[in-house]
Amino acid sequence: MDFNLTKEQELLRDGLAKFLANRYNLEKSRAAAKTGAGWQPSIWRAFADELGILGATLPEEAGGIGGGPVELMIVTEALGQALVVEPFVDTVVFGGGLLQRAGGARATAVLEKLVAGDAITAFAATEPTSGPDFNDVSTIARRHGDEWVLDGTKVVVSSAPLAGHLLVTARTAGGRRDTSGISLFLIDVDADNPPEGLAVHAYRTIDDRRAADLVFSGMRLPADALLGGEGDAWASIDRAVDEATAAVASEAVGLMRKVLGDTVEYAKQRQQFGQAIGSFQALQHRMVDMYMELEQSIAAVYLAILNLEAEPTERALAVSAAKATIGRAARFIGQNAVQLHGGMGMTEELAIGHYFKRLTAIEYEFGSADMHIARYAALTKA
């Protein structure tokens, strides 16, 4: 298996790394996340106009580059290393993937806007009792003449306060956990002025992202809000969730590279008992263990990325293996980095604390390590 990048992929990696090093300031990003709009629209515009990364994995027909899973890995790892809060996974991976597979005039129009940097999307799927089970859908959509009427609640919808378009799962047939009968709806919104029938409760998450709980109460939607066939959305949703899980696992690799590098540099400089703490054998062993966890995570992410286009069971096995590995490594590397930095590790002034928060969130995003181990075991028995 060839793990070498093509020249075009190397250009994508190097160009993005240079842009983030020169233009993405962590202090400015945290200020925007904590007290401002939650993101930097100028950076998002540059992602589209200067770098083209919003279309890196999307089809040329929509204005994209037509790349695949490897391009996704390159971009998300670089975004992780710079601790980027802009909604790439929510918009490009979830939004782009679901819209591309749904097809149709309305989906294509939003997809083109997404590639151009003119649209933000949010995927509203999780519910108060669903946990990470995306097929556990209680939100109901029923026909009313030429319209759809939507009732239900979605929770922790990442990027919803920023989004102009919501992709909402709703049941049009079947029982609560059935994979058949799940439909996908595209809803145009203005978070500052929600349409009738939609209540938006926005908040900031522990890792400085923006999310919201959404309550649909008899919300009326036009007929073309339905994407794809009625009740046939599960296969596309299942794939999108695996793609997003692989993307955040790749992001975690970028985060852990940065955390480990900063910890090693700190250990070389921090003096204790007249010498650098990095000279103490016990701490050297700790950092070697962190390095081994990182290398295992890199290998697991490669496995997931290279299987994203495989048949569904093989794809799910690889993604769950990667997410379980990342979950363990994120906790180990994050906690040890904080400990090796001492009390400074959790201060707002030091980058390590912000990276640790994001690693902690990723540990549970799209399911914990335990959940993915159980999923892997169930798939191998099937």
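These are my notebook entries on one buried leucine, one pair of helices and one annotated span.

**Entry 1: the model**
I reminded myself at the start that this is a predicted model.

**Entry 2: leucine 150**
I looked up leucine 150 and found it in strand E3, which covers residues 147–158. Is leucine 150 buried or exposed? Its relative accessibility is 0%, and buried means under 20%, so I wrote it down as buried.

Next I asked which residues leucine 150 touches, beyond its neighbours within four places in sequence. My list has Thr139, Ile140 and Ala141, then Val168, Ala170 and Ile187, and finally Phe216, Ser217, Gly218, Met219 and Leu221. I also checked methionine 219: it sits 69 residues from leucine 150 along the chain, yet their C-alpha atoms are separated by 5.0 Å.

**Entry 3: helices H4 and H7**
I reminded myself that two packed helices are described by the angle and the distance between their axes. For H4 (residues 69–81) and H7 (residues 234–269), the axes come within 7 Å and cross at roughly 45°. That angle makes H4 oblique to H7. I noted the crossing as right-handed.

From H4, the contact uses Leu72, Met73, Thr76, Glu77, Gly80 and Gln81. The residues on the H7 side include Glu243, Ala247, Ser250 and Arg257. Sorted by class, I get five nonpolar, five polar and five charged residues.

**Entry 4: a record from UniProt**
I found that UniProt, in an unreviewed entry, lists residues 122–217 as "domain: Acyl-CoA oxidase/dehydrogenase middle". How much of the span is helix, and how much strand? I noted 0% helix and 51% strand, with the end C-alpha atoms 19 Å apart.

Definitions and conventions:
Residues are numbered from 1 along each chain as its sequence is written. This is a predicted model: local features need pLDDT of at least 70, side-chain atom pairs count only at pLDDT 80 or more; totals for chains, interfaces and linings use all residues. Side-chain values use heavy atoms; hydrogens and water are left out. Helices (H or I, at least four residues) and strands (E, at least two) are DSSP runs, numbered from the N terminus. Buried means under 20% relative accessible area, exposed over 50%, partly exposed in between (1.4 Å probe, protein chains only). Contact means heavy atoms within 4.5 Å. Axes are lines fitted to C-alpha atoms, for helices over the stretch in contact, and angles run from 0 to 180 degrees between N-to-C directions. Angles under 35 degrees count as roughly parallel, over 145 as roughly antiparallel, 65 to 115 as roughly perpendicular and the rest as oblique. A crossing is left-handed if the near helix is turned anticlockwise from the far one by less than a right angle, and right-handed if clockwise. Ala, Val, Leu, Ile, Met, Phe, Trp, Tyr, Cys and Pro count as nonpolar, Asp, Glu, Lys and Arg as charged, and the others, Gly among them, as polar. UniProt positions are given in the numbering used here, feature names are shortened, and annotations may be inferred rather than shown by experiment.
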